[in-house]
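Trainee: I am new to this structure and would like to learn how to read the surroundings of a ligand. Where should we begin?

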Amino acid sequence: MQKIIITGGAGFIGSHVVRRFVKTYPNYNIINLDKLTYAGNLENLRDIENEPNYRFIKGDIVDLEFINSLFDNEKPDAVIHLAAESHVDRSISSPLEFVMTNVVGTVNLLNAARESWKGRYDQTRFYHVSTDEVYGTLGEDGMFTEETAYDPHSPYSASKASSDHFVRAYQDTYGMDVVISNCSNNYGSFHFPEKLIPLAINNIKQRKPVPVYGKGENIRDWLWVEDHARAIDVIFHNAKAGQTYNIGGHNEWKNIDLINLLCTILDKKLGREAGESAKLITYVTDRAGHDLRYAIDASKLKTELGWVPSITFEEGLEKTVDWYLANEEWLANVTSGNYQQYYKGQYNNR
Ligand code: NAD
Ligand code: TYD
């Protein structure tokens, strides 16, 4: 595999995947294809942007003509597809944008790949990065396996479920080599502060209210983003065509317990009295259709490909909090919108 298009590489997880591939595989040409929506931030990739095996291309996966000409010009050998609208709350207010990017955008990429790769499906690969949210919600017991029936509840998870089905249909109908992974909630550096963990860190730091939806009893299974990027690397290189893998950290937390833990960590790190940050916790109206619990059974990935998480949640959370405290400029640029200027300064003449 020589040339790989990674879509959504300027986002949270995509930037970690791009960095890992650029650094680990100097003989690969990595193209980061990203529209740079509000969630795309090229500052996430400053450390590798001048590497000889890396290129950024600004573009919209919904734009069929652009995608077709990209495949014609670049003739990639593989796609690792992360570009998506990814925030459940935004999907509740703007579902159509999720259909366009997550469903239509994915089908555009599949079509372009189908044309471009004719006659060499066995030497190419379409890797679709998906979410555990396609499986719906769990009660108190049980875990999602690769066999769990799809049962999405939010416009976000419905759009991801739809794109998963299209990806499988392209394997079954046209014989393309596709792989899908469904991962649980990620956390770590470069996470846009609209999602729970970076939002809570940012608000606690700034002594702003920390909004807890409903009673805070919903449960998520958290995985360190660099472990997700490593899982994608392992699956991309080793999975058989048509396979699906669940990725997760065996690490379930009730939202309220997680927020309290962050308050305790930040009290210590910011020199506050014990219990001071927890006073910022504010219960707010619950999210519509809020899934109660996600938990991933990642034993297939462990047994077949030997992947297990590399660090504990305590270690990962400490690293993450330290990263946000050390990267005030990144956080300030993201919260003020200034990060969008970076593209103009850095890439306007390319
Ligand atoms: P993100 O919102 O941080 O980044 C998404 C990226 O996609 C951004 O850089 C954005 O500019 C780009 N993008 C959006 N629309 C585009 C379009 N039309 N054309 C080209 N680029 C576009 O998302 P993330 O959290 O990094 O998630 C990446 C992928 O992983 C998504 O497919 C998501 O469904 C999946 N996923 C996320 C999580 C999680 O916890 N964040 C967990 C499991 C799976
Ligand atoms: P989020 O980070 O949006 O991820 P997802 O909805 O994809 O799991 O939310 C994680 C959990 O935290 C989810 O149960 C909703 C809840 N939540 C809050 O309680 N307050 C918040 O401000 C946010 C953003 C999320």
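Mentor: Begin with the elements: helices (H or I, at least four residues) and strands (E, at least two) are DSSP runs, numbered from the N terminus. The model is predicted, so local features need pLDDT of at least 70 and side-chain atom pairs pLDDT 80 or more, while totals for chains, interfaces and linings use all residues. Residues are numbered from 1 along each chain as written, chains are lettered from A and ligands numbered from 1 in written order, and side-chain values use heavy atoms, without hydrogens and water.

Trainee: Which element gives the largest share of the shell around ligand 2?

Mentor: A residue counts as near a molecule if one of its heavy atoms lies within 4 Å of it. Strand β8 gives the largest share, 3 residues. In total, 17 residues surround ligand 2, the closest being Glu 133, Pro 211, Arg 220, Arg 287 and His 290.

Trainee: How do the shell residues divide into nonpolar, polar and charged?

Mentor: Ala, Val, Leu, Ile, Met, Phe, Trp, Tyr, Cys and Pro count as nonpolar, Asp, Glu, Lys and Arg as charged, and the others, Gly among them, as polar. Here there are 7 nonpolar, 5 polar and 5 charged residues.

Trainee: Which atoms of Glu 133 and ligand 2 lie 2.6 Å apart?

Mentor: A polar contact is a pair of N or O atoms within 3.5 Å. For Glu 133, a polar side-chain atom pairs with an oxygen atom of ligand 2. At Asn 185, a side-chain N or O atom is 2.8 Å from an oxygen atom of ligand 2. Pro 211 instead uses a backbone N or O atom, 2.8 Å from a nitrogen atom of the ligand.

Notes. A polar contact is a pair of N or O atoms within 3.5 Å; within protein, one must be able to donate a hydrogen and the other to accept it, and residues adjacent in sequence count only if both atoms are side-chain atoms.
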